[in-house]
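Please look at the model shown here with me. The questions that follow go through its surface and its aromatic rings step by step.

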Amino acid sequence: MMLKALSADFLKIRGKGLWFLIFIGPIGLIAMQALNYGLRYDYLTNRYAGRLWEVLLQDIQMFVPISLFLGVTLVSSLLANIEHNTNAWKQLLALPISKGAVFRSKFALSFLLLLSSCVLLAIGTAALGLSLRFGLKEMPVIDILRLCFLPFIASLPALALFVWLCMTMKNQAIPITFGVLIAISSIFTGLISKDWSKLLPLNWPMLGYMDPQRELFVGGGFLLGCILLLVGAFHFIKKDVN
C-alpha cells in the first residue's frame, strides 16, 4: 500500500521544482568551494600541502548543517503543499489507502530526495578534489562518505518533525519560518558550552561528522527520528485533515 502511495507521490512532484531544489543545494556548495580554490589556488595549495583533501572537507563541512536544515524544511513544505494548494487531502484520504501509509510515503519521498542530494554532494566533492589535482590515491573516500551521509542521518529528527508540521498545517509560513530559524541557529548553537551543545539535536549533524564519538550522535538522530516519525504518524492518523 505504501509503495503505491510512494509511486503516486513521485508522479505528483513532476514539474514542481523539487528536483531542481535537490540538485541546486550540493551544486551550490561545490561551486562555492570551486570559486574559493579557483581564486586562491596557489595560496591554499602551498599553505595546506599534504592536507589538501582534509582542508577541502573542512571547508564544505561548515555549510552542511545549515544546508540540511534548509533542505529538510523546503522539501517537506513543497511536498505537503502539493496537497494543500489543491485541497486534495479529502480526496486522497478517501482512497482505499490508510492515513498512516500516506504519512509514511511523504516521509519516504522526502528521505529519498534528500538522500539523492547527499549522493550528488559526495560525487561533486570527489570530482572537485580531482579537478584541483589533489590526487586520486590520496582521496579520503571514507571521510567523503561520512561527510555526506552521517550528518544527514543525524538530521532525521528534523526531517520527521517538518514532514509532520507541514502535513498538518495548511499555512506553510509557520513551518518554513521555524525551519529557517533552526537553520540559522545551527551556526551559533555549537558555540555554547561544549557539554550542553552535545545535548541539542540541532548540533547532531555537525557532531555526527566531527566528534570522535560520532556514532552516538548518528545513532541518536536515527532513534529520535524514528520516535518523531511514529508520533507524527499517530497524530496525522487521528487528526481531521481538510
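Q: Which residues make the nonpolar surface patch of about 420 Å²?
A: In this predicted model, local features need pLDDT of at least 70, side-chain atom pairs count only at pLDDT 80 or more, and totals for chains, interfaces and linings use all residues. Residues are numbered from 1 along each chain as its sequence is written, and side-chain values use heavy atoms, with hydrogens and water left out. A patch takes residues with over 30% relative accessible area and no salt bridge, joining nonpolar side chains (Val, Leu, Ile, Met, Phe, Trp, Tyr) within 5 Å and like charges within 9 Å; a salt bridge is a side-chain nitrogen of Lys or Arg within 4 Å of a carboxyl oxygen of Asp or Glu, and accessible areas come from the Shrake-Rupley method with a 1.4 Å probe, where for residues only the protein chains shown count as cover. The patch is made by Phe-10, Trp-19, Phe-23, Ile-27 and Leu-112.

Q: Is Tyr-37 buried or exposed?
A: Buried means under 20% relative accessible area, exposed means over 50%, and partly exposed lies in between (1.4 Å probe, protein chains only). Like Phe-134, Tyr-37 is buried.

Q: What kind of aromatic pair do Tyr-37 and Phe-134 form?
A: Rings of Phe, Tyr and Trp (its six-membered ring) pair if their centres lie within 6.5 Å, and planes under 30 degrees apart count as stacked, over 60 as edge-to-face and the rest as tilted. With 5.8 Å centre to centre and 65° between the planes, the pair of Tyr-37 and Phe-134 is edge-to-face.
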